[in-house]
Amino acid sequence: MYSYINNQLHCENVDISKLSNEIGLPFYCYSSEILESKYSEIERAFNGKNLLTCYSLKANSNQSIIKTFASMGSGADVVSMGELKRALKAGIPNDKIVFSGVGKSLEEINFAITNNILMINVESISELMKISEQASILNQIAPISIRVNPDISAGDNEKISTGKKQDKFGISYQDILEVYELASSLDNIQIKGVDIHIGSQINNFEPFQEAFNCIAEVINKLKNKNIDIDIIDIGGGIGVNYTDEESLEINQYAQLIEKILEPLDKKIIIEPGRFLTAESGILVTSVIYIKETSDRNFLIVDAAMNDFIRPSLYGAKHKILPIKNFEMSKPENTYDVVGPVCETGDYFVKDYKTSKIEEGDLLAITCTGAYGSVLSSNYNSRPSIPEVLVKDKKFSLIRKKENIEEIIDQDALAEWL
Ligand code: LLP
């Protein structure tokens, strides 16, 4: 939890400004309490139903974050060999791992099969054939589900919508039965389930309702063809409240599942990423320069788009909190909060209103626990920043700061130079 104690922002019982002296700026900070309470919120909403939460690692794949969920019983949704290895290393049991993604390589397919994961979510006929072929070579049975593309528009950002027919994901609703029939005729394939994922940051329940109805129809059609499945994987996508937008109530989501999917009497898998981690994280950054011009005022901070790219990439909105709470008086000035990278798109927030601010002051960009550090890069040869996990009065460095030499050493000189 984040709160002000004596006007200083705290993560649980750790004073952020003291923490920044120990860690160095900028850095990501995560609250264990929030991670745990988000996971428990899901458990409570589904209250002992036949549900498996498979945390979607792409939101934040730090070992400590994965392990926090693993120790609460979570499974994992992975999309690469790297994520699969991270999940296993953090102690997620192999039979709680699902593997999604349109472009799984041969190596990834083999690794998934030999590690006996719960199921591979298939996204094309070519992939299905490849899995069958590889399973035969390995003399194993590959458990699969097939991802249906329901042609539903979800969320307000087309870059993260995945369930429309022009998107690259899944098999279209029209063709899905045929592909299931093909799968059931193949050697070494075990049909386990049906899968859907329509997008991310979805804050109204209608697209989910449409998607669940679509899944229910698919299952009924499969039943008529004597294809029986055990699992319905409904993907991720539950939105969070970044600024003051209305967000989806998890109970509303659970009720929808209860109404549409529970009567089908299958095991249900959900793959939340953002819902579990976004709110736990802040990006702590320091104001290096204040630049006031006749047109606009800027707070130039030491973090940049390479550390946190959501505003630049998606136009995403995030709130800023001052570490020292001087927001008591009426805001007087308006600033764009920008980073040092040489691009106009390198900003975090436009029109940040504050009463007073000085160079050296610290700010927290909030709700950055999901799709933050995982999307960072070394653009402008900037090393990746450290990450800290807090639990009550304790904190632990869960990723150290990269050093510049490490980055340069990844290059090699061509032999003729
Ligand atoms: N399952 C599948 C198959 C997915 O593709 C995704 C996200 C999830 C689960 C988790 O979705 P969530 O619960 O987090 O919405 N970088 C973007 C978000 C990309 C989401 C990609 N897929 C952002 O920062 O908004």
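**Contacts, a pocket and a one-sided helix in a predicted model**

Setting aside neighbours within four places in sequence, V374 touches K58, A59, N60 and S61. The model described here is a predicted one, and V374 is a good place to start reading it. This residue sits in the loop that runs between β19 (362-366) and β20 (387-391). With a relative accessibility of 32%, V374 counts as partly exposed. A sequence separation can also be set beside a separation in space: V374 and W416 are 42 residues apart along the chain, and their C-alpha atoms are 36 Å apart.

Y371 belongs to the loop between β19 and β20 as well. Its phi is near 55 degrees, a positive value in a residue other than glycine. Y371 counts as buried because its relative accessibility is 16%, under the 20% limit. A positive phi is also found at D351, where the angle is near 60 degrees and the residue is again not a glycine. D351 is part of strand β18, which spans residues 347-354. At a relative accessible area of 42%, D351 is partly exposed.

Attention can now turn to empty space. Rolling a probe the size of a water molecule over the atoms shows where such space is left. The largest pocket holds about 700 Å³ of space. It is lined by 33 residues, and those closest to its centre are K58, T162, F169, H197 and Y371. Two of these names have already appeared: K58 is a contact of V374, and Y371 is a residue of the loop between β19 and β20. Helices α10 (274-277) and α11 (310-314) each contribute at least two residues to the lining of the largest pocket. By chemical character, that lining is made up of 11 nonpolar, 12 polar and 10 charged residues.

Helix α5 offers a clear example of a helix with a buried side. Within this helix, which covers residues 106-114, the residues E108, I109, A112 and I113 are buried. These residues lie on the same side of α5, because they cover an arc of only 130 degrees around the axis. The general geometry helps here: an α-helix has 3.6 residues a turn, so residues three or four places apart point the same way. What do the buried residues of α5 pack against? Their partners are the helices α4 (81-89) and α6 (125-138), together with the strands β7 (97-99), β8 (119-122) and β9 (142-149). After α5 comes N116, which has a positive phi, near 50 degrees.

The backbone has another feature worth finding in the structure. The peptide bond leading from L25 to P26 is cis, and its omega is near -10 degrees. P26 itself is placed in the loop between α1 (16-23) and β4 (27-31).

Finally, the cysteines can be considered. How many disulfides does the structure hold? The count is zero. For C11, the closest cysteine sulfur is that of C29, at 3.8 Å. A disulfide needs the two sulfur atoms to be within 2.5 Å, so the sulfurs of C11 and C29 are too far apart for a bond. C11 is buried, with a relative accessible area of 0%. C54 is likewise counted as buried, at 0% relative accessibility.

Note on methods: Residues numbered from 1 in each chain as written. Predicted model: local features only at pLDDT ≥ 70, side-chain atom pairs only at ≥ 80, totals over all residues. Heavy atoms only, no water. Buried < 20%, exposed > 50% of the residue type's maximum accessible area, 1.4 Å probe, protein only. Helix = DSSP H or I, 4+ residues; strand = E, 2+ residues; numbered from the N terminus. Arc of directions from axis to C-beta. Contact = heavy atoms within 4.5 Å. 1 Å grid on protein atoms, 1.4 Å probe; cavity = no way out; pocket = protein on both sides within 12 Å on 5 of 7 lines; lining within 4 Å. Points joined across faces, edges and corners; volume = space filled by probe spheres on them. Nonpolar A, V, L, I, M, F, W, Y, C, P; charged D, E, K, R; others polar.
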